[in-house]
Amino acid sequence: MQITTRNARFQQWQSLLDNRTKRTRAGQFLVQGVRPITLAARHDWPIRTLIHPIGRPLSQWATGLLDELRVERIAMAPELLAELTGKDEPAELVAVVTQAPDKLDRIAVRPDFLGVVFDRPTSPGNVGTVIRSADAFGAAGVIVAGHAADPYDPKAVRASTGSLFALPVVRVPAPSMVIDWLADVRAAGVSVRLVGTDETGRYDVADHDLTGPTLLVVGNETSGMSAAWREACDVVVRIPIGGAASSLNAASAASVVLYEVARQRA
């Protein structure tokens, strides 16, 4: 099938880029780039459609993926595909992917558990960066809590560099859902500690034992953790900093603490 005009399907896919409501209602999002699409396929995410430019030779990677997946294949006019991806030149492939269910039981909790809660993040780029760091340092999953940026926003997908597909990312509307889930986890025998991160924390992160099962809470970029999360935390740690900076970017702080967890456990 070919698409050469801004027909209904093109407009539907275009809406997935900048309209969160339509993205959520459709339960789909767009993915571009070799690594993200490859990881989506490798981790068995439901890829609905693969779009490629009309009249352009495809690489061995792209043709191999099209042959392997056997999904709907759409050839699109290059100028329309470039418009869809927001680039001067069209991407070789764009995938239409189904979103994962927002179920906390997708996150596996083992005795060496490490997870991350990102409380009400406002920046999709920060969400993607935290997902990428969580994947790099061995976390079992990321929970995006409260009124937050969407992990399926194109900026978040791009910032995650494919890690979105490698570990569970779950959206929850309120802390209570996570706290109830954590109570069930503890009742099942895994003593997960809820560790908050804040500049007013009681302990320097390097001085606190993070080798046990841990769920880290990273606060909002402006206001930090909500009162509900502060109350729920077993302990709050801080990252000592110097210089003229008053604080670290939320995603940077998350990466520092995740590295410290990995260092201690090594």
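The following questions and answers go through the cores, helix contacts and selected residues of a predicted model.

Biologist: Which helix gives the most to the largest nonpolar core?

Modeller: The largest nonpolar core has 48 residues. Those with the most contacts inside it are F29, V31, W45, V142, L164 and F165. Six residues of this core come from one helix, spanning residues 250-265, and that helix gives the most: α10.

Biologist: How many residues does the second, separate core have?

Modeller: The second core is separate from the largest one. Its members include I107, V170, L194 and V217. The count for this second core is 21 residues.

Biologist: Which residues does L164 touch, leaving out those up to four places away in sequence?

Modeller: L164 is among the residues with the most contacts inside the largest core. F29 and W45 share that description, and L164 touches both of them. With sequence neighbours up to four places away left out, the full list for L164 is F29, W45, I131, P151, Y152, V157 and V169.

Biologist: Is V31 buried or exposed?

Modeller: V31 sits in strand β2, residues 28-32. Beyond four places in sequence, V31 touches P36, I37, L93, V94, A95, V97, V157 and F165. The relative accessibility of V31 is 1%, and the cut-off for buried is under 20%, so V31 counts as buried.

Biologist: What distance separates the C-alpha atoms of V31 and L50?

Modeller: V31 belongs to strand β2. Along the chain, V31 and L50 are 19 residues apart. Their C-alpha atoms are separated by 9.6 Å.

Biologist: Is T98 buried or exposed?

Modeller: T98 lies in strand β5, residues 94-98. Not counting residues up to four places away in sequence, T98 touches G27, Q28, F29, W45, P46 and R48. The relative accessibility of T98 is 19% and the cut-off is under 20%, so T98 counts as buried.

Biologist: Are α3 and α4 roughly parallel or roughly antiparallel?

Modeller: Helix α3 covers residues 34-42 and helix α4 covers residues 60-69, with their axes 12 Å apart. α3 passes α4 in a left-handed crossing. The angle between them is about 20°. Angles under 35 degrees count as roughly parallel, so α3 and α4 are roughly parallel.

Biologist: How many charged residues are in the contact of α3 with α4?

Modeller: From α3, the residues V34, I37, T38 and A41 meet W61, L65 and L69 of α4. The residues of this contact divide into six nonpolar and one polar, and the number of charged ones is none.

Biologist: How far apart are the axes of α6 and α10?

Modeller: Helix α6, residues 124-136, packs with α10 at an angle of about 10°. At that angle the two helices are therefore roughly parallel to each other. Their axes are 9 Å apart.

Biologist: How many polar residues are in the contact of α6 with α10?

Modeller: N126, T129, V130, S133 and A134 of α6 meet A251, A254, S255 and L258 of α10. The contact holds five nonpolar residues and no charged ones, and its polar residues number four.

Biologist: What is the phi of R70?

Modeller: Most residues other than glycine have a negative phi. R70 is in the loop between α4 and β4, and at 69% relative accessibility R70 counts as exposed. R70 is not a glycine, yet its phi is positive, about 55°.

Biologist: Where is T161?

Modeller: T161 is not a glycine but has a positive phi of about 45°. At 24% relative accessibility, T161 counts as partly exposed. The place of T161 is the loop between α7 and β8.

Terms used:
Residues numbered from 1 in each chain as written. Predicted model: local features only at pLDDT ≥ 70, side-chain atom pairs only at ≥ 80, totals over all residues. Heavy atoms only, no water. Core = buried A, V, L, I, M, F, W, Y, C linked by side-chain atoms within 4.5 Å. Buried < 20%, exposed > 50% of the residue type's maximum accessible area, 1.4 Å probe, protein only. Helix = DSSP H or I, 4+ residues; strand = E, 2+ residues; numbered from the N terminus. Contact = heavy atoms within 4.5 Å. Axes fitted to C-alpha atoms, helices over the stretch in contact; angles between N-to-C directions. Parallel < 35°, antiparallel > 145°, perpendicular 65-115°, else oblique. Left-handed = near helix turned anticlockwise from the far one by under 90°. Nonpolar A, V, L, I, M, F, W, Y, C, P; charged D, E, K, R; others polar.
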